[in-house]
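Welcome to a short set of exercises on reading a protein structure. Take a look at the sequence and the 3D view, then try each task before you read its solution.

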Amino acid sequence: MIKPGDIVYRLKKGGFIHSKPVAIKDSVGLVIREIKEKGTVPQYHVQFDKETPKWFYQHDLRKVGGERKKDD
């Protein structure tokens with residue numbers, strides 16, 4: 001579960017190459033605020049790199065940590 005103060009990756013979705021969401025790991029963001037209301041998808045105010053903070057839905061972000069390296 002994502003909460004304010006967490007570090008997150010942005011997810012890149014769909015397209016011809018990626019059929020599943022893939023984390024964009026070259027930029028990380030800090031979660032500043034969250035909005036949770038009954039019956040809605042949680043939204044998070046996130047600042048990536050040195051950009052102006054923007055709002056993202058929960059399914060557009062992935063929390064940093066716990067990733068396992070794939071064996072080739």
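**Exercise 1: The surface.** What does the accessible surface of the protein chain come to, and what percentage of that surface belongs to carbon and sulfur atoms?

*Solution.* Keep in mind that you are working with a predicted model. Step one: the accessible surface of the chain is about 5,800 Å². Step two: carbon and sulfur atoms account for 53% of that area. Step three: turning to the inside, 22% of the chain's 72 residues count as buried.

**Exercise 2: The elements.** List the helices and strands of the protein chain in order from the N terminus.

*Solution.* Begin by counting: there are zero helices and five strands. Written out from the N terminus, the order is therefore β-β-β-β-β, with strands being DSSP runs of E with at least two residues.

**Exercise 3: Pairing.** In which sense does strand 2 pair with strand 1, and in which sense with strand 3?

*Solution.* Start with strand 1, residues 7-12, which pairs with strand 2 in the antiparallel sense over six bridges. One example to find in the 3D view is R10, whose bridge partner in strand 2 is I24. Next, go to strand 3: strand 2 pairs with strand 3 in the antiparallel sense, over six bridges. Here you can look for V31, which stands opposite V46 in strand 3.

**Exercise 4: Buried or exposed?** Work out whether H45 and I32 count as buried, partly exposed or exposed.

*Solution.* First, locate both residues. H45 lies in strand 3, residues 43-48, while I32 belongs to strand 2. Now apply the cut-offs. H45 has a relative accessible area of 12%, and because buried means under 20%, H45 is buried. I32 has a relative accessibility of 36%, which falls between 20% and 50%, so I32 is partly exposed. Finally, check the surroundings of H45: leaving out residues up to four places away in sequence, H45 touches L30, V31, I32, R33, P53, K54 and W55.

**Exercise 5: A nonpolar patch.** Which residues make the nonpolar surface patch, and which strand gives the most to it?

*Solution.* The patch is made by I7, V28, L30, I32 and V64, and covers about 350 Å². Strand 2, residues 22-35, gives the most, with three residues. You have already met I32, a partly exposed residue that helps to make this patch.

**Exercise 6: Contacts along the chain.** Take the contacts between residues at least 6 apart in sequence: what percentage join residues at least 24 apart?

*Solution.* Of these contacts in the protein chain, 39% join residues at least 24 apart.

Key
Residues are numbered from 1 along each chain as its sequence is written. This is a predicted model: local features need pLDDT of at least 70, side-chain atom pairs count only at pLDDT 80 or more; totals for chains, interfaces and linings use all residues. Side-chain values use heavy atoms; hydrogens and water are left out. Helices (H or I, at least four residues) and strands (E, at least two) are DSSP runs, numbered from the N terminus. Buried means under 20% relative accessible area, exposed over 50%, partly exposed in between (1.4 Å probe, protein chains only). Contact means heavy atoms within 4.5 Å. Patches are made of residues with over 30% relative accessible area and no salt bridge: like charges are joined within 9 Å, nonpolar side chains (Val, Leu, Ile, Met, Phe, Trp, Tyr) within 5 Å. Accessible areas come from the Shrake-Rupley method with a 1.4 Å probe; for residues, only the protein chains shown count as cover. A salt bridge is a side-chain nitrogen of Lys or Arg within 4 Å of a carboxyl oxygen of Asp or Glu. Two strands pair if DSSP finds at least two bridges between them.
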